[in-house]
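Colleague: Please choose one part of this model and take me through it closely, and then follow its connections outward. I would like to know what sits on the inside, what sits on the outside, and how the neighbouring pieces join up.

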Amino acid sequence: MIVTTSLLLKKAKAGAYAVPALNVDNLESVMGVLLAAKSTGKSVIIQTIPRTLAYGGEGSYIAMVRALYDGGADIAMHLDHGGDEGICARCIESGYTSVMIDGSALPFEENVALTKRVADFAHSRNVSVEGELGTIGGKEETAGSVSYTDPKQAEEFADLTGADSLAVGVGTAHGVYKGTPRIAVDRIYEIASRTDVPLVLHGASGLSREVVRSCIAAGICKINFATQLRQAFTSALRRSLAAHPEAFDPKLYLPDAVEAVKNAAEEIIDLCYS
Ligand SMILES: [Zn+2]
């Protein structure tokens, strides 16, 4: 079934694993991720960022997922980094089972108020909500202003907003890491010791297995992977086109990219559930 992330993350917290949240960009990446969920028998969260919806259409990805999902482990469909109430509401109306409202750039009180409004609306439709506190590097920070999530504020944020999960700033970054990332695993422990809300790690592409494992042990229940899948898709597509320069039918060269996304997603699933 296509269920809420709240349901998946409660099980993950109890089972001390993390549910991988995999960003999709097109039909082929949806196909690859669903094939990986099927082959492993593990739940995944499929997610799209607003820029993806601007590219392919707001209703397109949920429609593809609902058309292609054919049973097996439960999955959820999530809006990643929703920037305002409008896009969250439209995704909820179109069938998403989960949305993120990212108010992390706002002052604390405004972030709380925005997240609570979205959570109240989403919960009335049986949809889960992820909030964010602190900054995740790569896109959100302005130079020199990365802030780690304050554990006491995280507790207050969860209580005041009713959010179902919380993305934390602990040193990860979106995109490709320059140099070795330094992740504040202790901070995850401190936050998890103050609140029961499942914690979310963004920017996991490029972290070592050991670091990801230690983040899960510290209390992370959902881990977002986007770059790793995009890299797998793109490099397989380049190889396939180079190997078949005469090909003009996309159905001949795209299956290699689907397979590459499937393989990358299977690796991620193995890491998050092991
Ligand atoms: Zn993110």
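Modeller: A residue is called buried here when its relative accessible area is under 20%, exposed when that area is over 50%, and partly exposed in between. Please keep in mind that this is a predicted model. The part I have chosen is helix H8, which covers residues 185-194 and in which Val185, Ile188 and Ile191 are buried. Looking down the axis of H8, one finds these buried residues within an arc of 160° or less, to be exact 115°, so they line one face of the helix. In general, an α-helix has 3.6 residues a turn, so residues three or four places apart point the same way. The face of H8 that is turned away from the buried side carries Asp186 and Ser193, which are both exposed.

What do the buried residues of H8 pack against? They pack against helix H7, strand E6 (165-168), strand E7, helix H9 and strand E8 (220-225), and several of these partners lead on to other parts that deserve a look.

I will take H7 before the others. Helix H7 (residues 151-161) is paired with helix H6 (residues 108-124), and their axes come within 9 Å and cross at roughly 35°. The crossing of these two helices is right-handed. From H6 the contact draws on Phe108, Asn111, Val112, Thr115, Lys116 and Ala119, while H7 contributes Gln153, Glu156, Phe157, Leu160 and Thr161. Sorted by character, the residues of this contact are five nonpolar, four polar and two charged.

Helix H6 also holds Phe121, which at 27% relative accessibility counts as partly exposed, because that value lies between the cut-offs of 20% and 50%. Apart from its neighbours within four places in sequence, Phe121 is in contact with Ala89, Ile92 and Glu93. Its C-alpha atom is separated by 9.5 Å from that of Cys88, which is 33 residues away along the chain. Beyond H6, in the loop that leads to strand E5 (128-133), lies Asn126, a residue other than glycine whose phi is nevertheless positive, near 55°. Asn126 is exposed, because its relative accessible area of 60% is over the 50% cut-off.

The other partners of H8, E7 and H9, lead to the metal site. The zinc ion is coordinated by NE2 of His81, NE2 of His174 and ND1 of His202, at 1.9 to 2.0 Å, and the donor residues follow the spacing H-x92-H-x27-H in sequence. His81 belongs to strand E3 (residues 75-82), whereas His202 sits in the loop between strand E7 (199-201) and helix H9 (209-218), so this pair ties together parts that are 121 residues apart in sequence. Are these two donors buried or exposed? His81, at 17% relative accessibility, counts as buried, and His202, at 0%, counts as buried too.

Helix H9 also includes Ala217, which at 54% relative accessibility counts as exposed. The C-alpha atoms of Ala217 and His202 are separated by 16 Å, the two residues being 15 places apart along the chain.

On the E3 side of the zinc site, Gly82 is part of the strand as well, and with a relative accessible area of 0% it is buried. Not counting residues up to four places away in sequence, Gly82 touches Pro50, Ile87, Cys88, Met100, Ile101 and Asp102. Gly82 and Val99 are 17 residues apart in sequence, and their C-alpha atoms lie 6.9 Å apart in space.

For a parallel to H8, turn to helix H1 (residues 5-15), whose buried residues are Thr5, Ser6, Leu8, Leu9 and Ala12. Viewed down the axis of H1, these fall within an arc of 160°, so they too line one face of the helix, while Lys10 and Ala14 are exposed on the other side. H1 is followed by Ala16, whose phi is positive, near 60°. Ala16 lies in the loop between H1 and strand E1 (19-23), and at 56% relative accessibility it counts as exposed.

Terms used: Residues numbered from 1 in each chain as written. Predicted model: local features only at pLDDT ≥ 70, side-chain atom pairs only at ≥ 80, totals over all residues. Heavy atoms only, no water. Axes fitted to C-alpha atoms, helices over the stretch in contact; angles between N-to-C directions. Helix = DSSP H or I, 4+ residues; strand = E, 2+ residues; numbered from the N terminus. Left-handed = near helix turned anticlockwise from the far one by under 90°. Contact = heavy atoms within 4.5 Å. Nonpolar A, V, L, I, M, F, W, Y, C, P; charged D, E, K, R; others polar. Donors = N, O, S within 2.8 Å, 3.2 Å for Na, K, Ca; no water. Buried < 20%, exposed > 50% of the residue type's maximum accessible area, 1.4 Å probe, protein only. Arc of directions from axis to C-beta.
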